[in-house]
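Q: I'd like a close look at one residue in this model, and then a walk outward from there into the rest of the chain. Keep it informal, please.

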Amino acid sequence: MQIVIIGSGNVAYHMAKAFVLNKIPLAQIFGRNEEELNKISEELKIPVSTQTLEDADVYFICVSDNSVEAVSKIITKKEALVAHTSGSISKEILAGEYRKSSFYPLQTFSKSKELDYSKIPFFIEAENENDQKTLFEIASKISRNVMESTYNKRKYIHLTAVFACNFVNHLFSRAKEISDSQEIPFEYFLPLIDETVQKIHEIDPKSAQTGPAVRNDKRILELHEQLLKDESLEIYKTMNHSIQKMYEL
């Protein structure tokens, strides 16, 4: 089976690395960013190109959501199976006469961060049973957690991921702004962050909630509000309101 990955960003890099580490042959990585492609090729020993797209049985499109439709038009082989890796768009956005599918890895990807690919959940959607089986077999060589999914369910998976990852990381950034403003090393907060994350491996997040909002400690809430301004103050008020509403305080 000939497999090609299209893209040169974080997802494309990690997909390619996961394939190589699990001995899934890749015919090529194709993309626009020659510098990034060359870095990937040098590390993973995979042929790359910015000009000629290899003939393949399966193409994985690993680009930003806004680019998926346009990129999908460069694939002209009608007999191919084409999968995008987005969590929030349907497989029907793929603009070709080939067989369409999605191959969604539920993880946050950065090139500089090593990952244990065996723990990453993959959600598979295809037009027919044979293609579903093909993608399931590929994903199962990489990960222990592979599930079939519909587009409707995948939308909610991605939405959950935004709350659990992107929003939380933004709060880390806001927290670091506060600690930096007082010349407090942010590293001092890492054990607290680690324990918070580790705790929800054992306790339901709702049961694990602590802090002044769930205690309805109005004195502390007011004190904190006096220390904040602008977006951070609005975030603080919104988060506390949400916590108190959840616990009916």
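Does V68 count as buried or exposed, and what is its relative accessibility?

A: Before anything else, keep in mind that this is a predicted model. With a relative accessibility of 1%, V68 counts as buried, because the cut-off for that label is under 20%. You'll find V68 in helix α3, which covers residues 65-72.

Who are its partners? Leaving aside residues up to four places away in sequence, V68 touches V63, H84, I89, I93 and L94. Look at A95 too: its C-alpha atom is 9.0 Å from that of V68, with the two positions 27 residues apart along the chain.

Stepping back to the chain as a whole, 39% of its 249 residues count as buried, going by the calculated accessibility. The secondary structure adds up to ten helices and eight strands, and the C-alpha atoms fill a box of roughly 65 × 35 × 30 Å along the principal axes. Take the contacts between residues at least 6 apart in sequence: 52% of them join residues at least 24 apart.

Aromatic residues come next. Searching the whole structure turns up six aromatic pairs. In one of them, F19 and F60 have ring centres 5.5 Å apart and planes at 80 degrees, so this pair is edge-to-face. F19 sits in helix α1 (residues 10-21) and F60 in strand β4 (residues 58-61), so the pair ties together parts that are 41 residues apart in sequence. Both F19 and F60 are buried. They also belong to one aromatic cluster, along with F103 and F122.

Now for the helices, with α10 as the common partner. Two packed helices are described by the angle between their axes and the distance between the axes. Helix α5 (residues 151-181) packs with helix α10 (residues 230-246) at an angle of about 125 degrees, the axes being 11 Å apart. That angle makes α5 oblique to α10, and their crossing is left-handed. On the α5 side the contact uses H170, L171, R174 and E177, while α10 brings E231, S232, I235 and M239. By character, the residues of this contact split into three nonpolar, two polar and three charged.

Helix α9 (residues 218-227) meets α10 as well: their axes come within 9 Å and cross at roughly 160 degrees. That makes α9 roughly antiparallel to α10, and here the crossing is right-handed. From α9 the contact takes in I220, L221, H224 and E225, and from α10 it takes in L233, Y236, K237, N240 and Q244. Sorting the residues of the α9 contact with α10 gives four nonpolar, three polar and two charged.

Finally, a bit of backbone. Most residues other than glycine have a negative phi. E183, not a glycine, has a positive phi of about 55 degrees. E183 is in the loop between α5 and α6 (190-199), and at 75% relative accessibility it counts as exposed. D230 is another residue other than glycine with a positive phi, here near 55 degrees. D230 lies in helix α10, and its relative accessibility of 52% makes it count as exposed.

Key:
Residues are numbered from 1 along each chain as its sequence is written. This is a predicted model: local features need pLDDT of at least 70, side-chain atom pairs count only at pLDDT 80 or more; totals for chains, interfaces and linings use all residues. Side-chain values use heavy atoms; hydrogens and water are left out. Axes are lines fitted to C-alpha atoms, for helices over the stretch in contact, and angles run from 0 to 180 degrees between N-to-C directions. Helices (H or I, at least four residues) and strands (E, at least two) are DSSP runs, numbered from the N terminus. Angles under 35 degrees count as roughly parallel, over 145 as roughly antiparallel, 65 to 115 as roughly perpendicular and the rest as oblique. A crossing is left-handed if the near helix is turned anticlockwise from the far one by less than a right angle, and right-handed if clockwise. Contact means heavy atoms within 4.5 Å. Ala, Val, Leu, Ile, Met, Phe, Trp, Tyr, Cys and Pro count as nonpolar, Asp, Glu, Lys and Arg as charged, and the others, Gly among them, as polar. Rings of Phe, Tyr and Trp (its six-membered ring) pair if their centres lie within 6.5 Å; planes under 30 degrees apart count as stacked, over 60 as edge-to-face and the rest as tilted. Buried means under 20% relative accessible area, exposed over 50%, partly exposed in between (1.4 Å probe, protein chains only).
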